[in-house]
Amino acid sequence: MAVVSARRGGRLRTWIGRDPIGYAFIGPYVLFLAGLFAYPLLLAIYISFFDYFFAAPGAEVDRPFVGLRNYAQILGDPVFQRALLNVAEFIIINVPLTVALSLVLASALNARLPFRAFFRTSYYIPYVTASVAVIGVWLWLFSGGGLLNGVFGPLAPNPSWLVNEFWAMPIIALVVTWKQLGFYVLLYLAALQNIPKELYEAAEVDGAGVVRRFMTITVPGVRPATTLVVILATIVGANLFTEPYLLTGGGGPDGASMSPVLLMYRQGIEQGHAGYAAAIGAVLAIAVMAISAVNRFVLERE
Amino acid sequence: MTTPVGSDRGSPRVAAPQSSRGVSWGRVAGLVVLVLGALVFLFPFYYMVVGALQRAPQTDISGAFPNPANLTLANFVDINAQVDLVRTLINSGIFTGGVLLATFVIGLLAGYALAQLEFRGRSLVFNLMLLILVLPFQLFMIPLYVLIVRTYGLSDSYLGMILPFAVNATAVFIFRQFFLQLPRELFESARIDGASEFMILRRIAVPLAQPAIITALIVTFIGPWNEFLWPFLITKQHDLQPLAVALANYISTVAARAANPFGSILAGAVVLAVPAVVVFVVFQRQFIQSNLGSGVKG
């Protein structure tokens, strides 16, 4: 019916559009979006309002509606508060370092210097390598008898880096900065290529030095890229799991590197409190989106 | 928008030598920065390979310059005894291959429809796709676990691993952007000749889209190949685990009891890292293009 009237060019066709075949092409993707994106999103919110826990397969269990109780509980949970503080510490170290280092490296790459392709490749390699693989080598570097303790000698912290309550989180922040930096370098490189060369030439004629040109032309010129970098780095921080799980032995020592996603795993999947874990996910997602909105507002106001 | 930088235009003859000295100083500083950066980024990889080849762990500074007599492949044999490398590599390959296939078929159809076909609801689908790119994964961890493991009983299965990653949103975005650039007349004339949309896609769009397809598939490849959290959540059976999961389990449980734990961990890390690094180095032009593309978009 629909096809027939569409061919006739009736009102239905006007409403559907020129190519009803589009529905057949997009159909599988819409199914994917609906089943593995939209529905889980609604399910996450639904679960977070229930005392939803996993029972043995086949067992009928009562999962009462509890309203906002899960939310009230997590906000009062000292482990969750600690995890949020840890993410804050991560972001405070990772974001400024990421912005500064990637912009400096991108500017250096943007100058016509020899071996640019080699340098660009070397910065990108950690980004394409599995976290699990690079964690292997950082574990070794920071281990008790590892190379870094050899280099630092008596200055090395005791207890050693990864089991030290003060150092665990900063090291995670540094390792993640190292791993992700290449991606941000390329983002900035693209942004730099949009800054007209004449601006630099004019500033040079006016006698502005390298630092001055960097601060007055480069930094403002890449501001939209900076917004994107800050938002993406914040999302990475909120999603931390593999590093605290493997590098610091499950968020240790004593919760000093516990992350919200690791807590979701412990609570939701290991202990079966899915409602509680879903509420953590919702709070975290809301926080990330709020931080992104604030970043966008602060960095893009002019 | 940029702050004006002085306005001393009076003495170009004085400014010129100053600026050329400034440039060469800047070039040296730039090169120093680049070299330092390369050292920081590459040293851990060098050290990973060195550690994987050392018989006895040498953690002092001299260990960075290995003694040839201390080199061995024994660590690869060790890790293979703990983690079946062939089996787990095959699992990583099936997981990654499934995602690539689904992204290619479903994503290409979707990208073509989003760019070249006109139908109601198209922009809604496009906006949903963009939303995926910004919403953090942790929001989906618990409901996906409930659905895939509890509702559909797909734990310890390749399908369960693949489904949440099946169609990479970045790849759909790349396909759409590519098809948007193609002139409409190209497709219109084929339509007038009576070709079906599917024919047009297969005979005209896909051959033209080859560069975009390569870029999209390479960007997609590193996701599932490196993914740890999701397959870790849903695979308990060892013979179904991808290498990243098996190696992580080895690091967190078994390694403490091994004679040269770092040697075998690093041997496993090398095996996990090499395919992705090789794919990247071979296809880096495509990688970098897509990254530059996302920068322009932002």
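Start with chain B of this predicted model: select the whole chain and colour by secondary structure, and you will see 14 helices and zero strands. Walking from the N terminus, you pass α-α-α-α-α-α-α-α-α-α-α-α-α-α. Chain B has 298 residues, and 50% of them are buried. Now turn on its contacts. Among those that link residues at least 6 apart in sequence, 71% join residues at least 24 apart. If you switch to a surface view, chain B exposes about 13,700 Å², with carbon and sulfur atoms supplying 66% of that area.

**Stop 1: Tyr47 of chain B**

Select Tyr47(B), which lies in helix α1 (residues 12-53) of chain B. Is Tyr47(B) buried or exposed? Its relative accessible area is 0%, so Tyr47(B) is buried. To see what surrounds it, leave out the neighbours within four places in sequence. From chain B, the residues in contact with Tyr47(B) are Gln58(B), Thr59(B), Gly63(B) and Ala64(B). Chain A adds Val137(A), Trp140(A), Leu141(A) and Leu147(A) to the contacts of Tyr47(B). Try a distance label here too: the C-alpha atoms of Tyr47(B) and Ala64(B) are 6.6 Å from each other, and the two residues are 17 apart along the chain.

**Stop 2: a helix from each chain**

Next, select residues 131-142 of chain A, helix α7, together with residues 261-282 of chain B, helix α13. How far apart are their axes, and at what angle do these helices pack? The axes lie 8 Å apart and the angle is about 150°. An angle over 145 degrees counts as roughly antiparallel, so α7(A) is roughly antiparallel to α13(B). The crossing of α7(A) past α13(B) is left-handed.

Show the side chains where the two helices meet. On the α7(A) side, pick Val132(A), Ala133(A), Gly136(A), Val137(A), Leu139(A) and Trp140(A). They meet Phe262(B), Ile265(B), Leu266(B), Ala269(B), Leu272(B) and Ala273(B) of α13(B). Coloured by class, this contact of α7(A) with α13(B) shows 11 nonpolar residues, one polar and no charged ones. Two residues here, Val137(A) and Trp140(A), will be familiar from the Tyr47(B) stop.

**Stop 3: two helices within chain A**

Move on to α6(A) and α9(A), whose axes come within 6 Å and cross at roughly 130°. That angle makes α6(A) oblique to α9(A), and their crossing is left-handed. From α6(A), the contact uses Arg120(A), Tyr123(A), Tyr124(A), Pro126(A) and Tyr127(A). The α9(A) residues taking part include Trp178(A), Phe183(A), Val185(A), Leu186(A) and Leu189(A). By class, the contact of α6(A) with α9(A) has nine nonpolar, two polar and two charged residues.

**Stop 4: backbone details in the loops**

Most residues other than glycine have a negative phi, and most peptide bonds are trans. The last three selections are worth viewing with that in mind.

- Select Phe115(A), in the loop between α5 (78-110) and α6 (116-128) of chain A. Its phi is near 60°, a positive value in a residue other than glycine. Phe115(A) is exposed, with a relative accessible area of 62%.
- Select Asp156(B), in the loop between α5 (138-151) and α6 (158-162) of chain B. Asp156(B) is not a glycine, yet has a positive phi of about 50°.
- Select Asn158(A) and Pro159(A): the peptide bond from one to the other is cis, with omega near 0°. Pro159(A) sits in the loop between α8 (147-152) and α9 (168-192) of chain A.

Technical notes:
Residues are numbered from 1 along each chain as its sequence is written. Chains are lettered from A and ligands numbered from 1 in the order in which they are written. This is a predicted model: local features need pLDDT of at least 70, side-chain atom pairs count only at pLDDT 80 or more; totals for chains, interfaces and linings use all residues. Side-chain values use heavy atoms; hydrogens and water are left out. Helices (H or I, at least four residues) and strands (E, at least two) are DSSP runs, numbered from the N terminus. Buried means under 20% relative accessible area, exposed over 50%, partly exposed in between (1.4 Å probe, protein chains only). Contact means heavy atoms within 4.5 Å. Accessible areas come from the Shrake-Rupley method with a 1.4 Å probe; for residues, only the protein chains shown count as cover. Axes are lines fitted to C-alpha atoms, for helices over the stretch in contact, and angles run from 0 to 180 degrees between N-to-C directions. Angles under 35 degrees count as roughly parallel, over 145 as roughly antiparallel, 65 to 115 as roughly perpendicular and the rest as oblique. A crossing is left-handed if the near helix is turned anticlockwise from the far one by less than a right angle, and right-handed if clockwise. Ala, Val, Leu, Ile, Met, Phe, Trp, Tyr, Cys and Pro count as nonpolar, Asp, Glu, Lys and Arg as charged, and the others, Gly among them, as polar.
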